Amino acid sequence: MSNQPIPVVVNGATGKMGRAIVKAIHEAPDMMLFGAVVHNPENEGLDIGEVVGIGPVEVPITTDYESMMAMLSQEKELGVVVDVTHPDAVYQNIRSAIAYGVRPVVGTTGLTPDQIQQLTEFADKASTGCILAPNFAIGVILMQQAAIQASKYFDHVEIIELHHNQKADAPSGTAAQTAQLLGEMGKTYNPQQVEETEKMAGARGATADENIRIHSVRLPGFIAHQEVIFGSPGQIYTLRHDTTDRTCFM
């Protein structure tokens with residue numbers, strides 16, 4: 001194995017997640033911050049280290065994603081791009097990275113199942129690894145695993161996810177993935193008890209596969225939170241994960 005640090009480009013480097021990722025990569029002994037890409041040209045040319053508050057790192061901010069992928073593809077050590085941008089741009093970002101032989105690690109959510117399938121096939125043909133992770137927090141993975149276990153004993157479940165009001169997509173990728181995992185357990189949830197009527201459209205949330213309801217909350221003050229609530233006669237079982245600082249995603 002090579003003992004050279006992994007060169008990493010952060011796409012979306014000046015956003016809340018991007019700033020935390022830049023700091024984490026700078027502090028990691030086995031990684032090297034190779035580039036910082038942004039969409040808004042306001043800080044173009046500035047040192048990303050100065051912008052995020054860690055001092056100069058001699059990595060200028062750029063808006064030229066394609067050129068950065070081309071440069072990264074020329075490195076001796078296989079490069080990685082961490083994408084924390086916007087649902088509207090992430091699909092093309094991933095395709096471009098794979099085309100250059102750069103391995104994407106994607107925290108941006110909002111991809112459709114069809115887009116994910118297309119990217120999977122494209123990555124396979126290019127023999128390039130790609131990680132699509134709706135959530136990087138260990139606690140979220142444990143919550144999802146606990147929900148899978150609970151689903152064996154409960155037939156009623158709903159998901160509530162709560163995020164800051166600058167999140168563009170709803171429901172969150174984490175909530176959608178949780179519902180998908182529960183839906184793969186071979187059962188349909190929430191058997192109907194009465195004929196429901198929504199007096200306001202959307203009052204009962206969105207319906208995922210196997211009749212799982214998802215409710216999305218968007219308010220300033222939140223970071224990222226999720227509850228998976230199971231119910232049966234005489235009891236409620238709630239699994240909850242709260243993000244108090246974005247360092248848990250690093």
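The following paragraphs lead through the fold of this chain, from its overall dimensions to its two sheets and a few individual residues. The structure is a predicted model.

The chain contains seven helices and eleven strands. Along its principal axes, the C-alpha trace spans about 60 × 40 × 35 Å. Of its 250 residues, 41% count as buried. The surface that the chain exposes amounts to about 13700 Å², with carbon and sulfur atoms supplying 53% of it. As for charge, there are 16 positive and 29 negative side chains, and the centres of these two sets lie 5 Å apart. Contacts between residues at least 6 apart in sequence can also be sorted by their separation: 67% of them join residues at least 24 apart.

The strands may be taken sheet by sheet. Strands of a sheet pair through backbone hydrogen bonds, in either a parallel or an antiparallel manner. One open sheet has six strands in the order E3-E2-E1-E4-E5-E6, and its pairing is parallel. Its edge strands are E3 (61-62) and E6 (131-132), each of which pairs on one side only. At the E6 end, strand E5 (residues 103-106) is joined to E6 in the parallel sense by two bridges. Within this pair, Val106 stands opposite Leu132 in E6.

Two helices that lie across this sheet can be followed in the structure. Helix H1 (residues 16-27) lies across strand E1 (6-11), strand E2 (31-37) and strand E4 (80-83), and runs at about 165° to E1. Helix H3 (residues 65-73) lies across E1, E2, E3 and E4, with an angle of about 155° to E2.

Helix H4 offers two residues for closer inspection. Asn93 is found in this helix, which comprises residues 87-99. Is Asn93 buried or exposed? With a relative accessible area of 12%, Asn93 falls under the 20% limit and is therefore buried. Leaving aside neighbours within four places in sequence, Asn93 is in contact with Asn11, Tyr65, Asp83 and Thr85. Ala97 lies in helix H4 as well, and its relative accessible area is 0%, so Ala97 is also buried. Not counting residues up to four places away in sequence, Ala97 touches Tyr65, Met69, Val81, Val102 and Pro104. Tyr65 thus appears among the contacts of both Asn93 and Ala97. Ala97 and Ala146 are 49 residues apart along the chain, and their C-alpha atoms are separated by 34 Å.

Further along the chain, helix H5 (residues 113-126) includes Thr120. This residue is partly exposed, with a relative accessible area of 37%. The C-alpha atoms of Thr120 and Ser67 are separated by 24 Å, and the two residues are 53 apart along the chain. Ser127 is found in the loop between H5 and E6. Its phi is near 55°, a positive value in a residue other than glycine. The relative accessible area of Ser127 is 69%, over the 50% limit, so Ser127 counts as exposed.

A second open sheet has five strands in the order E8-E9-E7-E10-E11, with mixed pairing. Strands E8 (206-207) and E11 (235-243) stand at its edges with a single partner strand each, so one side of each is left without a neighbour in the sheet. Strand E7 (residues 156-163) and strand E10 (residues 224-232) run antiparallel and are joined by eight bridges; here Val157 stands opposite Phe230 in E10. E10 and E11 also pair in the antiparallel sense, over nine bridges, and Ile229 stands opposite Thr238 in E11. These two strands form a hairpin with two residues between them, and Gly234 in the turn has a positive phi of about 90°.

This sheet, too, has helices lying across its strands. Helix H6 (residues 138-150) lies across E10 and E11, running at about 165° to E11. Helix H7 (residues 173-183) lies across E7, strand E9 (213-218) and E10, at about 30° to E10.

Two loops that adjoin elements of this region contain notable backbone geometry. In the loop between E7 and H7 lies Pro171, and the peptide bond from Ala170 to Pro171 is cis, with omega near 0°. The loop between E8 and E9 holds Asn211, which has a positive phi of about 65° although it is not a glycine. Asn211 is partly exposed, with a relative accessible area of 29%.

Note on methods
Residues are numbered from 1 along each chain as its sequence is written. This is a predicted model: local features need pLDDT of at least 70, side-chain atom pairs count only at pLDDT 80 or more; totals for chains, interfaces and linings use all residues. Side-chain values use heavy atoms; hydrogens and water are left out. Two strands pair if DSSP finds at least two bridges between them. Helices (H or I, at least four residues) and strands (E, at least two) are DSSP runs, numbered from the N terminus. Contact means heavy atoms within 4.5 Å. Axes are lines fitted to C-alpha atoms, for helices over the stretch in contact, and angles run from 0 to 180 degrees between N-to-C directions. Buried means under 20% relative accessible area, exposed over 50%, partly exposed in between (1.4 Å probe, protein chains only). Accessible areas come from the Shrake-Rupley method with a 1.4 Å probe; for residues, only the protein chains shown count as cover. Lys and Arg count as positive and Asp and Glu as negative; His and the chain ends are not counted. The place of a charge is taken as NZ of Lys, CZ of Arg, CG of Asp or CD of Glu.
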